[in-house]
Every structure is written in C-alpha cells, then in structure tokens.
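Got the viewer open and a selection tool ready? Let's take a short walk through this one, stop by stop.

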Amino acid sequence: MPRLLTKLILCTLFTSLVAAGFATKNLRDFLNTPMDIQGEGLAYLLEKGGSLSQVGVDLSLLGVLENRRWLSIYSRISGRGTAIEAGEYWLEPGLTPLELIAKFEQGDVRFFQLTLVEGWDMSQVLSRLRSADALINTFGADTRVLTADMLGLEASFPSLEGLLFPDTYRYHSGTTDRELLLQAYQRMQKVLNDEWSDRSKNLPYDTMYQALIMASLVERETGVAWERAQISGVFVRRLKLGMRLQTDPAVIYGLGASYTGNLRSRHLKDGSNKFNTYRHHGLTPTPIALAGREAIHAALHPADGKTLYFVAKGDGTHYFSETLKEHQKAVRKYQIEQRRKDYSSTPVIKPAG
C-alpha cells in the first residue's frame, strides 16, 4: 500500500476517533446536565401512545430541553426510553435528561390527594369532587342522589349516601370521579365487613346497611370520641323499646337545601319528611352522612346503660339522662338558662371545596 494512502487512512481514522470522543463527551454532558426548569417545577402530561421523541419535542418547545436530538440519539444507542408510561409528571428543578428518562420508564407519575371527611353528605362529596385537581368529572348534575348502578354496581341501595368511606385518596391525572368513588365504596365494604364480623350480640340490625345507617346518625350527633358508644347505646335502647330516635341531624338532612340553619317546631311535626325521626319510628331510610370506622365500631358496640335521652350542652358534648324528667331539666339548663353564645348541637363539619 502506498505510504500516502496509509497516512490518509490513519488520518481519517484518527479524526473519526476524535470526533467520536467529542460526541461521547457531549452526549454524557447533555445527559447529566440539569434541564432549564424554572420556579418550583413543571407539570408535563404525556398522552397515551406518546414517545420519548415527542417528549423531547415538547420540552424543547417549552425551552426546557436544549438539544432534543441528543435525547433521541441516546435512546437509539442504549435502547432506553422505548417503553414509557403515560400520565402527568412533575418535573422538578435540577432534573437531568438521564433522570427524566428513568422517571418516564418507572411511570413516576404525579399523584393528587382528595379527602372525604367524616360527617359529609353526598352533596358535599360531589362538590369536593368537582373542585378536585386533575379529576375528570362525569357527574354533571348538581345532586346528592347517586345510585349504585351509576358506578357499575349491582347493589340495590336507594342511593350512595353513606356508602363511601371517609379517607384521603391518592389518584393520578386522568382518573374519573367514578373511579375514585368506586375505590371509596370498596374501602367502605371492607371496613363494614371487618367490623360486622366482630359485632356485639343482640343488636337491632338485620343487615350491615342498617348498622351503617346507625353509624351515620352517631357520626352526625357527636365528634367526641368517648360519646360515640354512649350515643349508640341510647339509640339502640330506644329502638328495642319501640321509641322514636328523635335525632335532629336526621331531620335536618331530610330538609335538604330548604334548611337555613334554624330547626323549627314545624319541622319536627312534618310527617312528609321521611327522615323526621320525631314522627317516624325506626332507622332513617338511608345513612345521612359518611361514617368513619370509629362511628361504625360504636354502632356495632353500643355502650351498656339505662340512658334514653341526651341533650347538647353547647360545647360539642352532651348530657345523658335515664328519665324524661331528668332530660327536661337538662334541656332547660343547657338550652334555655345557660345557653352559650357559641352554642352548637352537632359537631362542626369542614366545608366542602
């Protein structure tokens, strides 16, 4: 081989090696240099079927990624980023392209939280769902009446009132309100089954649903932990004796939007209100609120005793009485003679929204 040709080959090879070295260094620098993510971070939604190449284009247009071609080159060389999860991602400051690829490969999507509060009714639940971030709303009507079949359930309950477990739920962008409610329903079924299997004997309930109705009444009557079993005990004894429950929160629930904050004697005399426990015997037709595990436990483990009455003292607690005479005396004391300016007969429930 002529000496000149050999020199040309060696020169070309050397140039290629140098270029490859520079390219390798540039690629390495690109992969390990933080992207230009400003502020607290950036929310990025990767649609289903989206690719790493599309991510590169999007982030380049947003001014976050300096050279999207390096992202594609690295993916072809390494085979990484070929299978990435769709969803909403939170891209924090300091994130490098290499870490970005790992985040998409692991499906490290951004999660949101939504809390359903003990004592809320369905109208409050729906209001919270409508205001939740990144949750798809499929219930357009402003109503608290949702049936089991709307969640694809075969159960024949009058409504979903009280059938959701109050808790904090995590979800990702694109989740529907139906999916979240189904999760809350299934959680309630598990809690109910667990508590029902360990219930006290001789309870006036034939079904878990009846126990849940009682738990909702207990939940709305008191927010004081030690009172729950006491309230349950009073209600259970009244049911066994054929006495009306006479619980204000049930009447208020039945009034719905017409309730303006003052419970009148005419409300207590209204027999058309199916939830008026001053006129109707037995439990209410449905639960009146979301009941937590503690209220459910109290409904299934009522406290022993002889008390048949209780009256709100105005500070969130109640005075319990065994006789009507003692009860009437307590009513005069706490609701007339010593009525507090900040009087509250029921626990304060956090507003929806």
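For this tour, a residue is buried when its relative accessible area is under 20%, exposed when that is over 50%, and partly exposed in between. Hang on to that, because Asp108, with a relative accessible area of 38%, is partly exposed. One thing to keep in mind as you click around: this is a predicted model.

**The whole chain**

Start with everything selected and colour by secondary structure. You should find 12 helices and 6 strands in the protein chain. The chain has 353 residues, and buried ones make up 41% of them. Now think about contacts between residues with a separation of 6 or more: 66% of these come from residues 24 or more positions apart.

**Helix 2 against helix 3**

Select residues 52–61 for helix 2 and 68–78 for helix 3. How are two packed helices described? By the angle between their axes and the distance between the axes. Here the angle is about 165° and the axes sit 9 Å apart. Angles over 145 degrees count as roughly antiparallel, so helix 2 and helix 3 are roughly antiparallel to each other. Helix 2 passes helix 3 in a right-handed crossing. To see who touches whom, show side chains for Leu52, Ser53, Gly56, Val57 and Ser60 on helix 2, then Arg68, Leu71, Ser72 and Ser75 on helix 3. Sorted by class, this contact has 3 nonpolar, 5 polar and 1 charged residues.

**Helix 4 and its salt bridges**

Next, select residues 97–106, which form helix 4. Its buried residues are Pro97, Leu100, Ile101, Ala102, Lys103 and Phe104. Step just past the end of helix 4 and you reach Gly107, with a positive phi near 65°.

Go back to Lys103 and zoom in. Is Lys103 buried or exposed? Its relative accessibility is 9%, so Lys103 counts as buried. Which residues share a salt-bridge network with Lys103? Glu92 and Asp108 do. Take the Glu92 side first: the N to O distance to Lys103 is 3.6 Å. Glu92 sits in the loop between strand 2 (87–91) and helix 4, while Lys103 is in helix 4, 11 residues apart. Glu92 has 30% relative accessibility and therefore counts as partly exposed. On the other side, the Asp108 and Lys103 side chains meet at 3.3 Å, N to O.

**Helix 6: a salt bridge and a crossing**

The chain has 7 salt bridges, and one more is worth a stop. Select Glu195 and Arg293, whose side chains meet at 3.0 Å, N to O. Glu195 belongs to helix 6 (residues 177–196) and Arg293 to helix 11 (residues 293–300), so this pair ties together parts that are 98 residues apart in sequence. Glu195 is buried, at 8% relative accessible area, whereas Arg293 is partly exposed at 30%.

Keep helix 6 on screen and add helix 7, residues 208–221. These two pack at an angle of about 100°, with axes 11 Å apart, which makes helix 6 roughly perpendicular to helix 7. Light up Met188, Leu192, Asn193 and Trp196 from helix 6, along with Met208, Ala211 and Leu212 from helix 7, to see the contact. By class, the contact has 6 nonpolar residues, 1 polar and no charged ones.

Technical notes: Residues are numbered from 1 along each chain as its sequence is written. This is a predicted model: local features need pLDDT of at least 70, side-chain atom pairs count only at pLDDT 80 or more; totals for chains, interfaces and linings use all residues. Side-chain values use heavy atoms; hydrogens and water are left out. Buried means under 20% relative accessible area, exposed over 50%, partly exposed in between (1.4 Å probe, protein chains only). Helices (H or I, at least four residues) and strands (E, at least two) are DSSP runs, numbered from the N terminus. Axes are lines fitted to C-alpha atoms, for helices over the stretch in contact, and angles run from 0 to 180 degrees between N-to-C directions. Angles under 35 degrees count as roughly parallel, over 145 as roughly antiparallel, 65 to 115 as roughly perpendicular and the rest as oblique. A crossing is left-handed if the near helix is turned anticlockwise from the far one by less than a right angle, and right-handed if clockwise. Contact means heavy atoms within 4.5 Å. Ala, Val, Leu, Ile, Met, Phe, Trp, Tyr, Cys and Pro count as nonpolar, Asp, Glu, Lys and Arg as charged, and the others, Gly among them, as polar. A salt bridge is a side-chain nitrogen of Lys or Arg within 4 Å of a carboxyl oxygen of Asp or Glu.
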